[in-house]
Amino acid sequence: MNLLARFRGGVHPDDRKTTAASATQPLPRPKRVVIPLRQHIGAPCQPLVRKGDQVALGQPIGTAEAPVSAPVHASVSGTVAAVEPWRTPGGRMEQAVVIEPAPEDQPWEGLPDGLGWDLDPESLDPAFIRDRVRQAGLVGMGGAGFPAAVKLTPKPGTEPDVVILNGAECEPAITSDHRLMLEHPEQVVLGLRLFMRASGAKRGIIAVEANKPDAAGKLSQLVAGDPAISVEVLPVRYPQGAEKMLVWALLRRAVPVGGIPLDVGAVVQNVATAAAAAVALAEGRPLTHRIVTVTGRVTRPGNWLVPLGTSFVDLVEASGGLTGPLARVIAGGPMMGIAQPDLDVPVIKTTGSVILLGPEDLDETPAGPCIRCGRCVAACPMGLLPARLCSAALAGDWGAAERYHVRACMECGSCSYVCPARRPLVQSIRLAKYELGRRAAAGGRG
């Protein structure tokens, strides 16, 4: 383990990774899929289908015309029942294609030819790899959803020298990336090599936390003898998987506020994104499925291979149903995930887990006054003053929030986790960032 790979702050929540030994199973065929036309950072897709159309597995149903966007594809064969607004796990209403599945899937005849699993990335043109990645609709599958092809397209002066694959999976409860690394390590490694070739980087690192020694071992065996690629086992600490933390821990390079890892010569991609790239190049298949951890108050917690657009209702049903009263549904992890009002929401490209919580799992202690203990300051990996940011936001003092660098917050929740007064730290910081963004968009008015 690389004990020098550390970063400032962070916390040690109970990881509760009870599904780590649960092999991935294919989900029973969903009753309906709802595929939003924006599952990524950037511009939404424009629909390519309308009600009544027949679609095949892998067929493009949304085209990405903007530079920062990603197309979407049918995750099942079937009939388009509607193209209408639908609530996504992020809470926004987005146009979505609703498909009623046929009894069996038929691959779309227009899929590009696969190059085979023995393909040599060094023989491929970098632009060809980036184009295939874009056509396949790949985005950051760790949660951010940034279009993968954009990350692989260096701007002048930002040519990267290293690609980092994020296999840390530092959030509690989630094990979907862990299972992927165990079950398909060859896809992860091939995806890394493709990303290195596409970006021009000569070095690759796969970052895995120390609580996944089996995954690190398998990956290390596959890259043994390749001096360009290493597997780094990192100390267990949240938010190890945040890309700024990874870049600092592994390279000692500080990503500037408002910047991206490319600004310091690094490309950071999730291991699931890398595996999806390998499938796209080797087999010609776009991103239509992903592994999702379902855990908490269900009879059979586990990991499922899920068609995108599948309802959380189907996930719960496949997991044996609820074991008791349901108090909260979280899309993502317990630290940075988003609570859902109900289960009628679809799995999207960035949905790594669904967590079902009962009343006894929640701490409903009311927020109290700040006791000036400084724990939030010690825990903040960005070196901010969360208590002061919270006070500024609650007072509506947006200027003070700006002076205390509220935009540098990555909303990891470490401050809220350690706060003994249960202050609404992350919530108030999000409010301040929203308000500052709204005012900037309005030209400073209102």
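**Exercise 1. Work out the order of the strands in the open sheet and name its edges.**

Solution. Four strands make up an open sheet, with the order β2-β8-β7-β4 and antiparallel pairing; strands here are DSSP runs of E with at least two residues, helices are runs of H or I with at least four residues, and both are numbered from the N terminus. Two strands are said to pair if DSSP finds at least two bridges between them. The edges of the sheet are β2 (33-36) and β4 (54-55), each of which pairs on one side only. The model in view is a predicted one, in which local features need pLDDT of at least 70 and side-chain atom pairs count only at pLDDT 80 or more, while totals for chains, interfaces and linings use all residues. Residues are numbered from 1 along each chain as its sequence is written, and side-chain values use heavy atoms, with hydrogens and water left out.

**Exercise 2. Describe how β2 is joined to β8, and decide whether the faces of β2 are covered or open.**

Solution. Begin with the pairing: β2 and β8 (residues 93-101) are antiparallel partners over four bridges. Two positions show the register, since Val33 stands opposite Ile99 in β8, and Pro36 has Ala96 of β8 as its bridge partner. Next, consider the faces, remembering that in a regular strand the side chains alternate between the two faces of the sheet. In β2, Val33 and Ile35 lie on one side and Val34 and Pro36 on the other, and all of them are buried, so that both faces are covered; buried means under 20% relative accessible area, exposed means over 50%, and partly exposed lies in between, with a 1.4 Å probe and protein chains only.

**Exercise 3. Find out whether Met93 is buried or exposed, and which residues it touches.**

Solution. Met93 is found in strand β8, and with a relative accessible area of 52% it is exposed. Leaving aside residues up to four places away in sequence, Met93 touches Pro85, Trp86 and Arg87, where contact means heavy atoms within 4.5 Å. Met93 and Pro36 are 57 residues apart in sequence, and their C-alpha atoms are 9.0 Å apart in space.

**Exercise 4. Explain why β12 is described as largely enclosed, and follow its pairing to β9.**

Solution. Strand β12 (residues 266-270) has five of its five residues buried, so it is largely enclosed by the rest of the structure. On one side stand Ala266, Val268 and Asn270, and on the other Val267 and Gln269, all of them buried, which leaves both faces covered. Strand β9 (residues 162-167) runs parallel to β12 and is joined to it by five bridges, and Leu165 is placed opposite Gln269 of β12. Gly167 also lies in β9 and, at 0% relative accessibility, counts as buried. Not counting residues up to four places away in sequence, Gly167 touches Met181, Ala207, Val208, Glu209, Lys212 and Val271. Between the C-alpha atoms of Gly167 and Ala215, which are 48 residues apart along the chain, the separation is 9.2 Å.

**Exercise 5. Locate the cis peptide bond, and then examine the positive phi values of Arg16 and Glu411.**

Solution. The cis peptide bond joins Tyr238 and Pro239, with omega about 5 degrees, and Pro239 is in the loop between β11 (229-234) and α6 (243-251). Arg16, although it is not a glycine, has a positive phi of about 50 degrees; Arg16 is found in the segment before β1 (25-26) and is exposed, with a relative accessible area of 55%. Glu411, also not a glycine, has a positive phi of about 60 degrees. Glu411 is in the loop between α11 (398-403) and α12 (414-418), and its relative accessible area of 17% makes it buried.

**Exercise 6. Judge how compact the whole protein is for 446 residues.**

Solution. The protein has 13 helices and 17 strands. Its radius of gyration is 21 Å, close to the 22 Å that the globule rule gives for 446 residues, so the protein is as compact as a globular protein of that length; the radius is taken over C-alpha atoms, and the rule is 2.2 Å times the number of residues to the power 0.38. The C-alpha trace spans about 65 × 50 × 50 Å along its principal axes, and 53% of the 446 residues count as buried. Finally, among contacts between residues at least 6 apart in sequence, 74% join residues at least 24 apart.
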